[in-house]
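Biologist: I would like to learn how to read a pair of packed helices. Could you walk me through it?

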Amino acid sequence: MENLERYLAEHPFFRDLPPRYLPLIVGCASNVYFDPGEFLFREGQEANAFYLIRHGQVALEINSPSRGPIIIQMLNEGEVAGFSWLIPPYLWRFDARATGLVRATALDGRCLRAKCEADHDLGYELLKRFSTILEERLQSTRLQLLDVYSNPS
Amino acid sequence: MSTLTPPEYPAAVLPSDPMLPRPFRILRARAENADTFTLELEPADRGPALTFAPGQFTMLYIFGVGEVPISISGDPSRPQTLVHTVRAVGAVTRAMRQLKPGDMLGVRGPFGAAWPMEAAAGNDVLLIAGGIGLAPLRPALYSLLAQRDRYGKIALLIGARSPEDLIFRKELEKWRSHLDLDVLVTVDHATGAWRGNVGVVTTLIGRAAFDPMHLTAMLCGPEIMMRFTVQELFKREVPAASLYLSMERNMKCALGFCGHCQWGPEFICLDGPVFRYDRLAPLFGKREV
């Protein structure tokens with residue numbers, strides 16, 4: 001547990017988090033691993049966790065009947081996978097597949113949601129962090145939608 | 001495509017008029033992807049090799065079709081072969097794609113401002129390419145690798161639409177094997193078989209190792225991509241004076257006469273195409289310009 005607390009304290013996602021919240025978060029955390037090709041989560045399933053990727057690469061995919069799986073984004077070491085656990089109806093919108101061995105710290109979404117309801121300051125700290133990730137991914141998505149490489153500038 | 005017999009100029013009477021194209025013969029032509037190809041050319045007038053600096057461009061003329069500005073994508077230390085990588089997007093470049101070894105092209109140039117190879121000495125260097133923007137950056141990479149000891153960390157960040165759209169695939173594999181060169185590639189879209197990164201090129205910046213205070217960043221790609229990239233570099237406290245961008249506008253004469261490529265007070269053909277960002281900043285991204 002102590003190692004996990006140190007890892008979370010040093011992770012960029014939790015940078016500057018008031019230290020009193022770390023034990024609360026560690027109480028919802030566990031180390032997990034996924035074999036190559038294994039899914040961290042599947043589209044439509046209940047979203048009850050997010051993952052801090054410690055090793056390996058995770059493909060966020062959506063399946064198309066005609067094209068097969070289309071990779072939306074590749075997440076790497078140090079990045080966060082999953083925010084549907086935070087937003088009703090708490091269902092995954094994409095598949096997340098380990099492209100090779102993936103080691104991660106899983107944070108239980110139901111556990112965290114309950115703690116955030118009980119302590120709104122903790123909820124605010126987490127929302128600030130997820131808002132940053134959401135903003136980055138929104139900007140990336142906009143740039144992808146522009147399809148800037150398809151035509152000369 | 002017909003092959004014209006070139007005039008053969010003795011070296012002493014080589015055309016000095018920059019509006020007069022020199023005849024070059026195609027040595028090799030190869031496809032890079034579905035719409036992009038590379039031509040290797042040699043002078044057909046017994047004249048000297050066309051020496052150039054990384055980042056410069058020439059005007060390529062298909063006789064009877066038209067002339068287009070194309071960045072040089074070859075090795076500046078091997079000027080005897082002039083290399084251009086071209087995307088077929090208009091009448092001239094589509095006609096150019098049909099050319100075969102032995103066919104002739106007219107060449108004017110080289111023109112324009114070059115990448116800051118000297119100013120970058122002693123710094124870490126980031127080369128950030130989007131799509132065919134890798135072509136004008138390749139001569140800079142050749143120069144950096146030829147004088148590797150003069151520079152700090154070097155990272156090449158490449159964004160493309162899909163894995164199939166990547167250019168210079170074989171060289172990419174070779175560059176990736178360099179221990180002193182960081183090569184990161186991402187694509188906007190991929191299918192399940194792709195093992196590389198998926199996401200926009202700006203997401204690679206956080207993964208490259210560099211000292212923002214001792215950095216020269218060279219950017220080439222669609223202007224929207226460069227705008228996002230500049231903002232991402234600013235987030236990482238890279239000073240504006242450390243950024244260099246290769247700009248693209250409708251260049252015709254390449255000499256600053258015709259005004260087609262005028263961009264505010266600058267002529268892209270003459271003052272650019274490579275500009276330091278702080279010179280561009282007041283007008284960069286302004287829709288009125």
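**Reading a helix pair**

Modeller: Gladly! In chain A, the axes of helix α3 (residues 109-118) and helix α4 (residues 120-146) come within 5 Å and cross at roughly 125 degrees. This is a predicted model, where local features need pLDDT of at least 70, side-chain atom pairs count only at pLDDT 80 or more, and totals for chains, interfaces and linings use all residues. Residues are numbered from 1 along each chain as its sequence is written, while chains are lettered from A and ligands numbered from 1 in the order in which they are written.

Biologist: How are two packed helices described?

Modeller: By the angle between their axes and the distance between the axes. Axes are lines fitted to C-alpha atoms, for helices over the stretch in contact, and angles run from 0 to 180 degrees between N-to-C directions. Under 35 degrees counts as roughly parallel, over 145 as roughly antiparallel, 65 to 115 as roughly perpendicular and the rest as oblique. So α3(A) and α4(A) are oblique to each other.

Biologist: Which residues make the contact?

Modeller: From α3(A) come A:Leu112, A:Lys115 and A:Cys116, and from α4(A) A:Leu122, A:Gly123 and A:Leu126. Contact means C-beta atoms, placed from the backbone, within 7 Å.

Biologist: And where do these helices sit in the chain's pattern?

Modeller: Chain A reads α-α-β-β-β-β-β-β-β-β-α-α along the sequence, with 4 helices and 8 strands. Helices (H or I, at least four residues) and strands (E, at least two) are DSSP runs, numbered from the N terminus. The C-alpha atoms of chain A fill a box of roughly 50 × 35 × 30 Å along the principal axes.

Conventions
Two residues are in contact if their C-beta atoms, placed from the backbone, lie within 7 Å.
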